[in-house]
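Q: Please take a close look at a single part of this structure. Then go on to the other parts that can be described in similar terms.

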Amino acid sequence: MGAQRAATVLEVKPNREHHPAVKSRVKDLNFYYGKSQALKRINMEIYEHAVTALIGPSGCGKSTLLRCFNRMHDLTPDTHYEGEIRLYPDDVNIVSSEVDPIEVRMRISMVFQKPNPFPKSIYENVAYGLRVRGIRNRTELDGRVEAALRGAALWEEVKDRLDEPGTALSGGQQQRLCIARALATDPEIVLFDEPTSALDPIATASIEDLIISMAGSVTVLIVTHNMQQAARVSTYTAFMYLGELIEYGPTNELFTRPRQQRTSDYLTGRFG
Amino acid sequence: MTSVAQRLALEALPQYTAEVRTNVARRRRWDLVFAVVGLLATSVGVVTLVALFVDLILDGYHRLTPDFFFSFPSRRAAEAGILSAWVGTCLVMFVTAVIGVPLAVSAGIYLEEYAPRNWMTALIEINVSNLAAVPSIVYGLLALGLFVYTLGFGQSILSAGLTLAMMIMPIIVVATREAVRAVPHSIREAAYAVGATRWQVTRDHVLPYSIPGIATGVIIGLARAIGETAPLITIGALTFIAYLPDSPISTTPPFVSFDWLWSGFTVLPIQMFNWVSRPGTAFHANAAAAGIVIVLLTLVMNGFAIYLRYRLRRRINW
C-alpha cells in the first residue's frame, strides 16, 4: 500500500527545467537490518549539482537511506540491500553486491553528524582520501589540500598552522575540516548526515552557507531533523516516514503546498 | 523528617536546622568508616610489599658490586655472580618479544577488526581469555613435549623464548583488543568514508591510535615473563652455567650468528632459586641481590609502560 502511494507521488516529477540532469536514481530500494525492514520500496531521483534534503521524524529511515549511497551499512554485519541505486553517467548500481563499496566511496563522500577529524594534522586530515588512493606527489597533494580547505571556507583560518592537530580546532572548524576532507577527493555526491546537530547556531549558519555555496559544483544529499535548515539549504526535499518515502518535490512546493496529509502534519508540528 | 509546612514556620527553623545536621552527621560517619577500612586494606598490600623489598635490600645490597654482574656462578658465594643469568634473561626475552609480540598483536587486531562475529570467533575469544589464566607450569609441560622433544629444539634459549612467548601471548592479545576497541567507531567510519580499505584503516588509524594500549600490554607481558621460573625449569633450564652463549655478532662474514639460539641457558629467577635452595647465608645474600635486580627490572619496565601510555595518550584526543 505504502509503496503504491510513493510510486504515485513520484509521477509528479520535480521541476526539471532547472535541473534536468539526474545524477542518481533510486529504484525500488529495500533495506534490511537483519530481518527488520528499514527502507520500503524507495523510488526517487537525485538531481545533479543541487541540494536534496531528506527530512522526517526520528527512525523514519532518512539516515539509513543516506548511508545506502556510500554503502556504509556494509560495515554492519547482517544487513542487506534490495533494489537499485543507479549512479550516472555510467549507470552503475552502487548497492549491487558485485560493486565494491570502496569503489562507491571513492565517488561519493560523506560528512557525519559529529565532527570526526582524525587525531592527525589538519593537512593529513584533508590529504587522507588522496593518500589512500596512492597519490604521493607533494605538489599535487598541497594543491588539492588547499583547494579543499578553500572549498570548505577554512583555508584562511588554518593556512599558517596546517601541521597542528585537527582535533585542536573548534567544533565548527572541525566540521568544516571534515567537509574539506570530503571535498578533497572530488566526489560526485557529498552526503551530509545531520551535519550541524552537534554545533552552536553560529557554526551552524556557516556550515549552511557552505552547503548552499557547494550546490552548483557538486551534488549534495543532506539529512536533517531541522525543517528550517532543509528549507534554507535545499532545492529538493524528500519527506520520509516509517521507512517510506511519503513525498518528494521542489523544496518550496513541498513546504508551501504539501500534497500528502502526513507531510503537512509533520511540517506543522503535529507529530515528529 | 520535617514537613515543608513546618519548615516554613519561623519558630521551627532552629529545630529543622538541627535535624538536618544530625542527619548529615549520621551519614557522614559511614563515609569515614569506609575511608578507614579502605586505607587499612590498601596499606596491607603496600606495607607488605615495601617490607619485603626493604628486607631484600638489607640482605642483598652489599653484594651489588660490578663484580656481581660480571661473574659466573661459583661454588664460593663471595665470587659468584649473575653474568650468565642476566645474559640468558636478555636473550630469552629477545626471542620471546620477537616471536610473541607480532603474533599476539596481529591476532588481537584480527579478532577485533577483521574476524566475523560468529560462534567460531566467540570460541576463540573465550579460549584466549582462559589461556591468560592458565598456570605457567602447564605451558612448561606443553613446551617440554612440543619444543624440546617433538620439534627437537632441545633445552635451549629458543625453546625458553618460545615457551614464554606462548605464555604472554594471551595477555598481549587481550590488551591489544582492548586498545583497538577503544578507538572510536566514528574514526573508522571517517576513514572508510573516504574510500580506505580495511587494511588502510587498520594501518593508518586503528593501529597508531591504539599503540599506547598495545605497548602497555606488551611491556606488562614481558615484565611477567622476566620473573617466570616454573616453565623454564620444566623445559630443563640449567641452574649452573659458567659460560656465555655464542655471540650473536661476529667479526667475520656473515657477521650475524644464530648459534646462541641453541645454547643452554639460565635466567635470573632460576639463578635466584638455585641460591635460595643452598645452605649458608652467603648464598642467600646472593639470592637477595639477584632478587633486587629482578624487582628493579620489572619496576622499571612497568614504570616505562605507564610513562609511555601517558606520553602517547596525551597526543591523541577525540
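A: The buried residues of helix H8 of chain B are B:Ile187, B:Arg188, B:Glu189, B:Ala190, B:Ala191, B:Tyr192 and B:Ala193. Buried means under 20% relative accessible area, exposed over 50%, and partly exposed in between, with a 1.4 Å probe and protein chains only. Helices (H or I, at least four residues) and strands (E, at least two) are DSSP runs numbered from the N terminus. H8(B) covers residues 185-193, and seven of its nine residues are buried, so the helix is largely enclosed by the rest of the structure. Just after H8(B), B:Gly195 has a positive phi of about 100°.

The model is predicted: local features need pLDDT of at least 70, side-chain atom pairs count only at pLDDT 80 or more, and totals for chains, interfaces and linings use all residues. Residues are numbered from 1 along each chain as its sequence is written, chains are lettered from A and ligands numbered from 1 in the order in which they are written, and side-chain values use heavy atoms, with hydrogens and water left out.

Helix H6 of chain B runs over residues 136-150 and includes B:Ser136. Its 15 residues should span 21 Å at 1.5 Å a residue, and the end C-alpha atoms are 20 Å apart, which agrees; the expected span is 1.5 Å times one less than the number of residues. H6(B) nevertheless bends by about 40° at B:Ala143, the bend being the angle between axes fitted to the seven residues ending at a position and the seven starting there. B:Ala143 is also one of the buried residues of H6(B), together with B:Ser136, B:Tyr139, B:Gly140, B:Phe147 and B:Val148. The buried residues of this helix pack against helix H5 (119-131), helix H7 (157-181) and helix H10 (230-234) of chain B. B:Ser136 has a relative accessible area of 13%. Leaving aside neighbours within four places in sequence, B:Ser136 is in contact (heavy atoms within 4.5 Å) with B:Met167, B:Glu228, B:Ala230 and B:Pro231. Just after H6(B), B:Gly152 takes a positive phi of about 70°.

Helix H4 of chain B has 32 residues, 83-114; at 1.5 Å a residue they should span 46 Å, and the end C-alpha atoms lie 45 Å apart, which agrees. H4(B) bends by about 30° at B:Gly100, with a proline, B:Pro102, following within four residues. Elsewhere in chain B, B:Ile219 belongs to helix H9, residues 198-226. B:Ile219 is buried, at a relative accessible area of 11%, and its C-alpha atom is separated by 9.5 Å from that of B:Ala97, 122 residues apart along the chain. Not counting residues up to four places away in sequence, B:Ile219 touches B:Met301, B:Asn302, B:Phe304, B:Ala305 and B:Leu308.

Chain A contains two open sheets to consider. One has six strands in the order S6-S7-S8-S3-S9-S10, with mixed pairing; two strands pair if DSSP finds at least two bridges between them. S6(A) (108-111) and S10(A) stand at the edges, each with a single partner strand, so one side of each has no neighbour in the sheet. The twist averages 20° from one strand to the next. Helix H7 of chain A (residues 171-183) packs on this sheet, touching S6(A) and S7(A), and its direction makes about 175° with that of S6(A). Such axes are lines fitted to C-alpha atoms, for helices over the stretch in contact, and angles run from 0 to 180 degrees between N-to-C directions.

Within the sheet, S7(A) (189-193) and S8(A) (219-223) pair in the parallel sense over five bridges, and A:Val190 stands opposite A:Val220. S9(A) (236-241) and S10(A) pair in the antiparallel sense over six bridges, and A:Tyr248 in S10(A) is the bridge partner of A:Ala238. Two residues lie between the strands of this hairpin, where A:Leu242 takes a positive phi near 50°. Although S10(A) is an edge strand, seven of the seven residues of S10(A) (244-250) are buried, so the strand is largely enclosed by the rest of the structure.

The other sheet has four strands in the order S2-S1-S4-S5, with antiparallel pairing. Its edge strands are S2(A) (36-47) and S5(A) (92-93), each pairing on one side only. S4(A) (79-87) pairs with S5(A) over two bridges, and A:Leu87 stands opposite A:Val92.

The structure holds zero disulfides over all chains, a disulfide being a pair of cysteine sulfur atoms within 2.5 Å. For A:Cys68, the nearest cysteine sulfur is that of A:Cys60, 13 Å away. A:Cys68 is buried at a relative accessible area of 0%, and A:Cys178 is buried at 2%.
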